[in-house]
Amino acid sequence: MTSSNKTNALSKISRRGVLRAAGALGVGAAAAGLLARPTSYAIAGNATKVRLSWTEFAACHSPIAFALSKGIYAKHDLDIDLYYQGASGQTLIQSIATNKTDAGAGLLYDWVKPLEQGLDVKLFVGSHGGCTRLLASKASGVTTLEGLKGKTIVSYDVASPPKHSFQVALAKAGLDPNNDVNWTNVPFDLVGETVGKGQADALAHLDPWAYAHKKKFDLVEVANTQTGSFEGAVCCVLGVNSAFLDANKDAIRRLAEADIEIHEYASAHPDEVAKWFVDNLNPGFPFEDIRDQISSWVLHNHPVGKDLQDQVKHAAADLSLIKVLDPTTDPAELASRVTVDILA
């Protein structure tokens, strides 16, 4: 494909929306830099257009946008239109439920409860694991999950995926995740400062912010979503509106293949993906940090079919353990109902 076939589409994010998101996340992003990025890849022929929700500031979503600029989606005969859905996984859910987008990438723990409640979406491929961390101050003396008994952990939301992840980890380590520790919530951009000022002993957060807090405040990494009971688990997966899937199953198969390809590419070329992310999206974090984060994630973990169904079943069982799901929900039945074997 020649360069004449490549054009940039208008951004789906208003300037006001970018400024609001940047302020809320406290990442110091330059709005002009964000608005300059490519959000669509026009290609010749009759490629299938797919409106895809993503989280622009999340470093673990960097391969998605990088794939657009690299032409990987175009190679799979897809015309991808990226839609910034905000920092909350629930806005991802809303964007698909209200037909603003056709598919989206989000944390598995964000997907499961809405799917239990009837969200008409099918999960079809996993992307990676390990982008969520539990970090403790050195002053707390905490180095293990068991050492958090009686301690205070801060997160950015009462039901954030990081909080749920490490409630599960604490429960499997033999602690009561609600009564043996004290959870507190602060605004997104104050999580690190809360531990840094000694107002909490530990924090549960997502990369790139978790990694940045670890460096800035010299924190101890107690766990992440690839340690202990999370070893081999996927944390981010792609879902598609069921009606769109029914009408475009081959396109979603190609989207799954493209997603696997780009995460394998990112695993082998973390420097290239990190440089693109920093240069084009201006996330407010240094290249070295983004590169090291990409290198630390498990980018070969992208389950499909039965493997994905098993991952969803385990995630549902985990959320049942900490009483997020209805006690009558059968994790195996739920997983079977909300996944599709797209490569079958």
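Trainee: Buried means under 20% relative accessible area, exposed over 50% and partly exposed in between, with a 1.4 Å probe and protein chains only; is Cys60 buried or exposed on that scale?
Mentor: Cys60 has a relative accessible area of 7%, so it counts as buried. Before going further, keep in mind that this is a predicted model, in which local features need pLDDT of at least 70 and side-chain atom pairs count only at pLDDT 80 or more, while totals for chains, interfaces and linings use all residues. Residues are numbered from 1 along each chain as its sequence is written, and side-chain values use heavy atoms, with hydrogens and water left out.

Trainee: Where does Cys60 sit, then?
Mentor: Cys60 lies in the loop between β1 (48-54) and α3, where helices (H or I, at least four residues) and strands (E, at least two) are DSSP runs numbered from the N terminus.

Trainee: And what does Cys60 touch?
Mentor: Taking contact as heavy atoms within 4.5 Å, and not counting residues up to four places away in sequence, Cys60 touches His128, Cys131, Cys236, His263 and Trp297. His128 is 68 residues from Cys60 in sequence, and their C-alpha atoms are 8.2 Å apart.

Trainee: What comes after that loop, in α3 itself, and why is that helix called enclosed?
Mentor: Helix α3 covers residues 62-70, and seven of its nine residues are buried, so the helix is largely enclosed by the rest of the structure. Those buried residues are Ser62, Pro63, Ile64, Ala65, Phe66, Ala67 and Leu68. Just after α3, Gly71 takes a positive phi of about 85°.

Trainee: How does β1 pair with β2, parallel or antiparallel?
Mentor: β1 and β2 run parallel and are joined by seven bridges, given that two strands pair if DSSP finds at least two bridges between them. Within that pairing, Arg51 stands opposite Asp81 in β2. Six of the seven residues of β2 (residues 78-84) are buried, so this strand is largely enclosed by the rest of the structure.

Trainee: Switching topic, what is the strand order in the open sheet of five strands?
Mentor: The order is β7-β6-β8-β5-β9, and the pairing is mixed. At the edges stand β7 (182-185) and β9 (220-224), each of which pairs on one side only. From one strand to the next, the twist averages 25°, where axes are lines fitted to C-alpha atoms, for helices over the stretch in contact, and angles run from 0 to 180 degrees between N-to-C directions.

Trainee: How many bridges join β5 to β8?
Mentor: Five bridges join β5 (residues 132-136) to β8 (residues 202-206), and the two strands run antiparallel. Ala136, for its part, stands opposite Ala202 in β8.

Trainee: Which strands do α7 and α9 meet?
Mentor: Helix α7 (residues 161-172) lies across β5, β6 (152-155), β7, β8 and β9, and runs at about 125° to β8. Helix α9 (residues 209-216) also packs on the sheet, where it touches β5, β8 and β9, and its direction makes about 140° with that of β8.

Trainee: What about the loops on either side of β5, starting with Gly129: what does it touch?
Mentor: Gly129 is in the loop between β4 (121-128) and β5, and at 0% relative accessibility it counts as buried. Leaving out residues up to four places away in sequence, Gly129 touches Gln226, Ala233, Cys235, Trp297 and Val298. Of these, Ala233 is 104 residues away along the chain, yet the two C-alpha atoms are separated by 6.2 Å.

Trainee: And Ser137, buried or exposed?
Mentor: Ser137 has 13% relative accessibility and therefore counts as buried. Its place is the loop between β5 and β6, and, apart from neighbours within four places in sequence, Ser137 is in contact with Val142, Val195, Asp201 and Leu219.

Trainee: To finish with the whole protein, how many helices and strands are there?
Mentor: The protein has 15 helices and ten strands, and buried residues make up 57% of its 344 residues. Among contacts with a separation of 6 or more, 79% are between residues 24 or more positions apart.
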